[in-house]
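Work through the exercises below with the sequence and the structure at hand. Try each task before reading its solution.

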Amino acid sequence: MELRDLRRTVAQGESLTVEFKRKVAHPNKIVRELVAFANTHGGELLIGVSDDGSMPGVKFPEDEIFVLEKAIKSLCRPALPYTIEQVPLNEKTTIVIFKIPKSDKRPHYVKESADARHGQTYVRHEDKSVQASREMREIIARQKKAKDIHFNFGEKEKILMSYLERHKQITLSEFRSIAKINKFKASKTLIILVLANIIAIQPTEKGDIYKAKNIS
């Protein structure tokens with residue numbers, strides 16, 4: 001990446017596919033951002049860029065790379081795909097860019113420690129990385145399989161779509177309530193409709209929101 005292209009990217013601010021970090025001060029947390037990119041649309045982590053968009057850079061880029069690569073190797077499962085680019089700002093400072101593609105091996109998990117057996121999944125929403133729900137994890141895993149989704153458009157589906165026409169969005173708990181079904185059935189119905197491209201799932205820090213695909 002040329003310096004002028006880097007400045008243009010930074011000027012646009014953090015987004016669905018761009019995250020700034022001044023330094024690799026907390027690698028265990030930073031890997032969540034990388035996993036979220038891999039599980040969603042891919043993205044770029046820019047090290048040496050402050051939250052306000054200033055670019056002080058880092059003096060020892062290889063140290064930053066070493067620390068973050070160590071965390072990626074020990075905490076991310078399955079192995080995370082990425083490439084690294086360095087863009088010099090001047091003779092003393094550099095911006096390090098970790099480029100994460102949308103992964104064919106998603107969903108990726110982040111373990112709390114190298115010895116932990118299980119981890120958490122993260123996805124990207126706007127300029128934030130949020131923990132994925134069970135529904136989101138299943139959707140990510142099943143979206144990789146190019147299969148047509150078949151389902152019966154029954155009473156609970158009609159109730160859902162009628163509700164979305166009036167209220168624009170719904171949560172899992174709200175759907176359970178209006179359809180008078182248990183959590184398992186409500187969850188499976190929402191997952192199938194997302195996979196069938198009938199509704200969209202929007203992960204947020206407060207939980208998933210579901211919307212009809214033709215409703216903004």
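**Exercise 1: the sheet**

In β5, Ile97 is the bridge partner of Leu46. The model used here is a predicted one.

Task: Find how many bridges join strand β2 to strand β5, and state how the two strands run.

Solution. Strand β2 covers residues 43–47 and strand β5 covers residues 94–100. These two strands are joined by 5 bridges and run antiparallel.

Task: Give the order of the strands in the open sheet, and explain why one side of β1 and of β4 is left without a neighbour in the sheet.

Solution. The sheet has 4 strands in the order β1-β2-β5-β4, and the pairing is mixed. β1 (18–21) and β4 (83–88) stand at the edges with a single partner strand each, so one side of each has no neighbour in the sheet. On average, neighbouring strands of this sheet are turned by 20° against each other, direction ignored.

Task: Name the strands that helix α3 lies across.

Solution. Helix α3 (residues 61–75) lies across β2, β4 and β5, and runs at about 25° to β5.

**Exercise 2: the pockets**

Task: Describe the largest pocket and its lining.

Solution. The largest pocket holds about 430 Å³ of space. It is lined by 22 residues, and those closest to its centre are Thr40, His41, Met136, Gln143 and Ile201. β11 gives the most to this lining, with 4 residues. By type, the lining divides into 10 nonpolar, 7 polar and 5 charged residues.

Task: Do the same for the second largest pocket.

Solution. The volume of the second largest pocket is about 200 Å³. Its lining includes Lys21, Tyr122 and Ser129. Helix α2 (residues 27–39) gives the most to this lining, with 4 residues. The lining residues divide into 3 nonpolar, 2 polar and 6 charged.

Technical notes
Residues are numbered from 1 along each chain as its sequence is written. This is a predicted model: local features need pLDDT of at least 70, side-chain atom pairs count only at pLDDT 80 or more; totals for chains, interfaces and linings use all residues. Side-chain values use heavy atoms; hydrogens and water are left out. On a 1 Å grid over the protein atoms alone, a cavity is a set of points where a 1.4 Å probe fits but cannot get out, and a pocket is an open set with protein on both sides within 12 Å along at least five of seven lines; lining residues have an atom within 4 Å of a point. Grid points are joined across faces, edges and corners, and a volume is the space filled by probe spheres set on the points. Ala, Val, Leu, Ile, Met, Phe, Trp, Tyr, Cys and Pro count as nonpolar, Asp, Glu, Lys and Arg as charged, and the others, Gly among them, as polar. Two strands pair if DSSP finds at least two bridges between them. Axes are lines fitted to C-alpha atoms, for helices over the stretch in contact, and angles run from 0 to 180 degrees between N-to-C directions. Contact means heavy atoms within 4.5 Å.
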